[in-house]
Amino acid sequence: MDLSHAAWLAHDTRLIVCCLAAIATIIVLISLTKLPPFLSILIGTFVAGLGAALPPEEVAKAFSKGAGSLLGEAGIIIALGAMLGALMAESGAADRIASTLLRHAKGKALPWVMAFVAMVIGLPLFFEVGLVLMVPVIFVIARQSGQPLLKVAIPALAGMTTLHALMPPHPGPLIAVSALHADLGTTMLLGLCIAVPAVILAGPLYGIWLSKRLDVQEPAELGALFTAKIETRRKPSFAVSLLIILLPVLLMLGSTLAKVAMAPQGSLAITLKFLGEPLIALGIAVIAAVICLGWSIGMARDQVGGVLRKSLAPIAVLLLTIGAGGGLKQTLLEAGISDTISKVASGAHLSYVLLAWLIAVALRQATGSATVATTTTAGILAPLMAGLATTQSSLVALAIGAGSVFFCHVNDAGFWMVREYFGLQLKQTIWVWSVLQTIVSVVGLVGTLLLWQWFQ
C-alpha cells in the first residue's frame with residue numbers, strides 16, 4: 001500500500017467516524033439534555049466539521065449556506081401551507097372534507113382511504129407540499145372519527161413519501177431516469193407496481209400496528225391552529241373546499257404534462273410550467289382560499305388577515321430545525337462524504353440493483369439528501385450500465401429511489417417536519433418516520449429484485 005493510498009484511507013475512515021459522531025451527538029443532546037433540535041444540530045455540525053479538519057469559519061459558512069438554501073426552497077412552501085391550512089380550518093373547509101370522507105370511510109376502511117387520497121395528492125406534489133396540505137385534514141379526520149392520530153397519519157405519510165421516492169415526475173426518479181437513459185413511461189409503470197405494495201405495508205398495515213403500541217396525541221399549538229373557527233354566514237361547500245386543496249395538485253400536474261408531452265418553448269408549456277412551480281401553485285391556492293374560504297363566506301378582511309398572521313407563529317421552531325438539518329447536510333458534503341462513499345462503492349462486486357440500492361442508502365444516511373444520494377449513485381453507475389435493456393435501466397433507477405429513503409433520521413428535513421407537525425418525541429419520530437421510510441425502502445428493493453428476475 002503506497003503512502004497516498006494510506007492517507008486517503010485514513011481520511012475516509014476519519015470522515016465516516018465524524019459523521020457517525022455528529023449523529024450520535026445530536027441524538028444525545030436532544031434525548032438526554034433536552035436541548036432544542038436547532039441548537040443540538042448546530043453543535044453536531046461543528047463536531048462533524050471540526051473532526052473532519054474543516055476550519056471553524058468554513059463550518060460556519062457551510063452551515064449558513066445549507067440552512068439558507070433549504071429554507072429558501074422549503075421555508076416559503078411551509079409558510080404558505082400553514083396559511084392555507086389555517087384558512088381551511090377557520091372556514092370549516094377542512095371539516096367539510098373530513099365529514100364527507102368519513103361518510104364513505106368509516107372504521108376499518110379509514111386508513112385505506114387516507115392512503116389512497118395521499119397517493120393521489122402525492123403523485124404530482126413534492127412530499128413537503130403534500131404534507132402541509134394534508135396535516136389539517138389529518139387532524140380533523142382523527143378528531144371527528146375518534147381514531148388514534150397515527151392510524152390516520154401514517155397511511156397519509158406512506159402514500160406521499162412512497163410516490164415521492166418511486167414515481168416520476170418527482171425529482172429523484174427523474175434524475176435517475178435521465179442519468180441512466182431509462183424510459184420514463186416504463187419507469188412510471190414499474191414504479192407504480194412497486195409503490196402499491198409499499199404503501200399498503202408502510203401505510204395502513206403499519207399504521208394500525210403502531211397506533212396500538214404508541215399513543216400520540218394531537219399537538220396543542222398546531223391542533224389549536226387547525227381547530228379554531230370564526231363564525232361566518234355560511235360554510236364553504238364540499239366542492240369548493242376540495243377544489244382549494246386540489247388546486248396545487250392540478251397546477252403541478254399541468255406542469256408535469258408540459259414537461260412530458262409539449263414542445264418546451266411553446267407559450268402554453270411555459271405558462272403551465274410557471275404555474276406548476278410549488279411556490280407559485282401554493283401561492284395561488286392561498287389567494288384562492290382568501291377569496292373563496294374567507295371573503296366570500298362572510299369573513300371580514302381583518303379576520304382573514306388575522307388568520308394568516310397567526311398561522312406563522314407555530315411553524316417558527318419547525319423552520320429553524322429544518323434549516324439546521326440543511327446546514328448539517330451541507331457541512332458533510334463540503335467535508336467530502338459523498339466522494340468517500342463513492343470510492344467505497346466503486347470496489348464492490350454486486351448485482352446492479354443491490355449495488356444501486358446500497359450506494360443510495362449509504363449516501364442518504366451520510367448526507368440526509370435524497371437528491372444527493374440519487375444524483376451521485378446514478379453518476380457512479382451510469383458508465384457501468386451501457387448495453388442494459390430499457391426495463392433493467394428503469395429497475396436500477398427505481399432501486400436508487402428506494403435506497404434514497406432508507407431510515408431517514410436527524411439530518412433529514414422530513415424527519416423534523418414530521419416531528420414538529422405531530423408533536424413527537426425523538427424516539428417516537430424514529431418509529432413513525434424512520435421505520436416507515438425503511439419499510440418503503442426495503443419493499444422497493446425486494447420489488448425491483450423480483451422484477452429484475454422476471455424480466456431477465
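**Exercise 1.** Which residues of helix H14 (residues 301-310) are buried? Determine also how they are arranged around the axis.

*Solution.* The model is predicted, and in it the buried residues of H14 are Val 304, Gly 305, Val 307 and Leu 308. The next step is to look along the axis: these residues lie on the same side of H14, because the arc they cover is only 155 degrees. Turning finally to the face directed away from that buried side, one finds the exposed residues Asp 302 and Arg 309.

**Exercise 2.** Describe how helix H17 (residues 352-367) is oriented relative to helix H19 (residues 390-403), and state which residues meet.

*Solution.* Begin with the axes, which come within 7 Å of each other and cross at roughly 30 degrees. Since angles under 35 degrees count as roughly parallel, H17 and H19 are therefore roughly parallel to each other. Their crossing is right-handed. On the H17 side the contact involves Tyr 352, Val 353, Ala 356, Trp 357, Ala 360, Val 361 and Arg 364, which meet Val 396, Ala 399, Ile 400, Ala 402 and Gly 403 of H19. Sorted by class, the residues of this contact are 10 nonpolar, 1 polar and 1 charged.

**Exercise 3.** Carry out the corresponding analysis for H17 and helix H18 (residues 370-381).

*Solution.* Here the axes lie 8 Å apart, and the helices pack at an angle of about 145 degrees, with a right-handed crossing. H17 contributes residues including Leu 355, Ile 359, Leu 363 and Thr 367, while those of H18 include Val 372, Thr 376, Ile 380 and Leu 381. The contact of H17 with H18 comprises 10 nonpolar, 3 polar and 1 charged residues.

Note on methods:
Residues numbered from 1 in each chain as written. Predicted model: local features only at pLDDT ≥ 70, side-chain atom pairs only at ≥ 80, totals over all residues. Heavy atoms only, no water. Buried < 20%, exposed > 50% of the residue type's maximum accessible area, 1.4 Å probe, protein only. Helix = DSSP H or I, 4+ residues; strand = E, 2+ residues; numbered from the N terminus. Arc of directions from axis to C-beta. Axes fitted to C-alpha atoms, helices over the stretch in contact; angles between N-to-C directions. Parallel < 35°, antiparallel > 145°, perpendicular 65-115°, else oblique. Left-handed = near helix turned anticlockwise from the far one by under 90°. Contact = heavy atoms within 4.5 Å. Nonpolar A, V, L, I, M, F, W, Y, C, P; charged D, E, K, R; others polar.
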